[in-house]
Amino acid sequence: MAVQLPAEFIVNVDNERCRKCKRCIVSCGFSALEFRNKVTPIHRRCVACQRCAAFCPEDAITITENQMAYKYNYSWTPEIRKNILKQAASGGVLLGGMGNPKPYPIYWDHMLIDACQVTNPSIDPLREPMELRTYLGAKPDTLEFSGEYGNVKLETELAPQLKLDIPVVFAAMSYGAISLNAHKALAMAAKRMGTMMNTGEGGLHESLVSYKDNIIVQVASGRFGVTGEYLNNSAAVEIKIGQGAKPGIGGHLPGVKVGGDVSKTRMIPAGTDALSPAPHHDIYSIEDLSQLIFALKEATGYSKPVSVKIAAVHNIAAIASGVVRAGADIVTIDGFRGGTGAAPVVIRDHVGIPVELALAAVDDRLRQEGIRNRASLLIGGSIRQSADVVKAIALGADAVIIGTAALIAMGCRLCQKCYTGNCSWGIATQRPELVNRLDPHAGADMLSFLLNGWSNEIKEVLGSLGINAVESLRGSRERLRGIGLDEQALKILGIKHAGIGQ
Ligand code: SF4
Ligand code: SF4
């Protein structure tokens, strides 16, 4: 007997309003709508991606949760029963897309930002000079100068730096996991806004080479698409060790998503699963990691910073210290709410730690060891709004990465079914008819508008803090206060409780 899962969502079609244009049927990537004299939903297939409702010219469609799909039970929640039924039917590992949706504490929402009162808040932060420019890379311990006043020359040779006009970088998302049009939109927006996009582990499509000054190329254990040319078609190189959504396990792009162009870009046969295991075949120690970092520096003529991306786990501070000592110029820390195209749900929802705690612990440790200047900290895995960016920088980050927020800007409705490859919005899919729905120019506009809005909001907050450069905020935890947090959390975050003065 086949296990029948109840429908999670109900598609309501108002037949009074419907003019039978069938746009909704074409819109649905999950074949949840059919035409049988009228629009007829197949509720069980609906994943609430909302594309049909968004494009119905008559506003005739609404999607609602099926409240009685599972009778109420405090202990046996609908999610738990749904998962039991799915596994009873498949015997497999449950997969999920996007980030951890569980109600763990979001520490960003328990931190409040300071403001000036009597002394110098800005009069008009959007018109006064406000510096958001950020340089990522190793900074020297000291600076040596020569010459006289008026003709001073810097003698210290600086390590290569990644220049950002806004301290927000698009997170690594591979071509394969997301569509080429989504990649193009990210690259165009990164160039326009003076920031970076990251190829993820799927290689760099030839059509994006012209954006190389705004691209970070990734080297993961699968080494997909990695050549000398690939490494040099970039502003920086990132070694992916871990990812917040799935710490301790590798990446897996199913063969059905490895079509002609994806297979060519990844340099693997079409239709084969693209597996990148958690360990790199040549890294079993910090010394091995150091060798790879310097091999990549050698391959790029020491002209680009090398980042190492790690997932936020319990021992993150010691791991980050080792990564910095191994020679990384940037350490990218991805928290457990970070997104993914596909991950085992049991890992996504139960493994790892929030990036807020990881960031505070790493920044503390690197300062205590006197090596904080040797690498920049790039953090992500739940940066949802400009306030999160400000709080992250005050906690100690140099800049942040955004993945889910960028996808939402391009239309994603968080249905979390990225792993099916049926994304109705043309983002997490390789089906040509779906990919074509995302106009890369329109996507780039939406991403640029988002960054522009955040940039203005960050300037507003800097003005209220009485400072005129994001550099002045970096690591200034005294400008943050905790609310609704226990002593232990306050201690790890290194902030006082709200209501306590200097
Ligand atoms: S898009 Fe709206 S108006 Fe058109 S067929 Fe579907 S429900 Fe009817
Ligand atoms: S899956 Fe998306 S497009 Fe299809 S019926 Fe449900 S909400 Fe509409």
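Asp 363 is buried in this predicted model, with a relative accessible area of 1%. Its salt-bridge partner is Arg 367, and the closest N and O atoms of the two are 3.0 Å apart. Arg 367 is partly exposed, at a relative accessible area of 45%. Both residues belong to helix 10 (residues 355-368), where they are 4 residues apart, about one turn of the helix. The pair doesn't stand alone, either: Asp 363 and Arg 367 are part of a network of salt bridges that also takes in Asp 364, Arg 372, Asp 398, Glu 471, Arg 474 and Arg 477.

**More salt bridges**

Side chains of opposite charge can pair when their charged atoms come close. How many salt bridges are there in this model? The count comes to 28. Here are three of them, side by side.

| Pair | Closest N to O distance |
|---|---|
| Asp 363 and Arg 367 | 3.0 Å |
| Glu 79 and Lys 102 | 3.3 Å |
| Lys 240 and Glu 201 | 2.9 Å |

Take the side chains of Glu 79 and Lys 102, which meet in a salt bridge at 3.3 Å, N to O. Glu 79 sits in helix 3 and Lys 102 in the loop between strand 5 (95-96) and strand 6 (111-113), so this pair ties together parts that are 23 residues apart in sequence. Glu 79 is partly exposed, at 30% relative accessibility. Lys 102 also counts as partly exposed, at 26%.

Then there's the salt bridge of Lys 240 with Glu 201, at 2.9 Å between the closest N and O atoms. This one links distant parts of the chain: Lys 240 is in strand 14 (residues 236-240), while Glu 201 is in the loop between strand 12 (197-198) and strand 13 (215-219), 39 residues apart. Are these two buried or exposed? Both Lys 240 and Glu 201 are buried.

**Two helices to look at**

Helix 3, the one holding Glu 79, runs over residues 78-90. Its 13 residues reach 18 Å from first C-alpha to last, close to the 18 Å expected at 1.5 Å a residue. Just after helix 3 comes Gly 91, with a positive phi of about 70°.

Helix 4 (residues 180-193) has 14 residues and spans 20 Å between its first and last C-alpha, close to the expected 20 Å. Of those 14 residues, 11 are buried, so helix 4 is largely enclosed by the rest of the structure. Among the buried ones are Leu 180, Asn 181, His 183, Leu 186, Met 188 and Met 193, along with several alanines, including Ala 182 and Ala 185.

In the loop between strand 11 (168-170) and helix 4 you'll find Tyr 175. Tyr 175 counts as buried, at 4% relative accessibility. From Tyr 175 to Ile 239 it's 64 residues along the chain, and their C-alpha atoms are separated by 17 Å. Ile 241, for its part, is found in the loop between strand 14 and strand 15 (251-253). At 31% relative accessibility, Ile 241 counts as partly exposed. Ile 241 and Leu 480 are 239 residues apart in sequence, and 31 Å apart in space, C-alpha to C-alpha.

**The two ligand shells**

What surrounds ligand 1? Its shell is made up of Cys 18, Arg 19, Lys 20, Cys 21, Lys 22, Arg 23, Cys 24, Val 39, Cys 56, Pro 57, Glu 58 and Ile 61. By class, that's 7 nonpolar, no polar and 5 charged residues.

Ligand 2 has around it Val 11, Cys 28, Phe 30, Ala 32, Leu 33, Cys 46, Val 47, Ala 48, Cys 49, Gln 50, Cys 52 and Ile 63. This shell divides into 11 nonpolar, 1 polar and no charged residues. As for where ligand 2 sits, that's in the second largest cavity.

**Positive phi away from glycine**

Most residues other than glycine have a negative phi. Asp 59 goes the other way, with a positive phi near 50°. Asp 59 lies in the loop between helix 2 (51-55) and strand 4 (61-65), and is exposed, with a relative accessible area of 57%. Arg 223 is another residue other than glycine with a positive phi, near 55°. Look for Arg 223 in the loop between strand 13 and helix 5 (228-232).

Terms used. Residues are numbered from 1 along each chain as its sequence is written. Chains are lettered from A and ligands numbered from 1 in the order in which they are written. This is a predicted model: local features need pLDDT of at least 70, side-chain atom pairs count only at pLDDT 80 or more; totals for chains, interfaces and linings use all residues. Side-chain values use heavy atoms; hydrogens and water are left out. The expected span of a helix is 1.5 Å times one less than its number of residues. A residue is near a molecule or strand if one of its heavy atoms lies within 4 Å of it. Ala, Val, Leu, Ile, Met, Phe, Trp, Tyr, Cys and Pro count as nonpolar, Asp, Glu, Lys and Arg as charged, and the others, Gly among them, as polar. On a 1 Å grid over the protein atoms alone, a cavity is a set of points where a 1.4 Å probe fits but cannot get out, and a pocket is an open set with protein on both sides within 12 Å along at least five of seven lines; lining residues have an atom within 4 Å of a point. A molecule sits in a cavity or pocket if more than half of its atoms lie within 2 Å of its grid points. A salt bridge is a side-chain nitrogen of Lys or Arg within 4 Å of a carboxyl oxygen of Asp or Glu. Buried means under 20% relative accessible area, exposed over 50%, partly exposed in between (1.4 Å probe, protein chains only).
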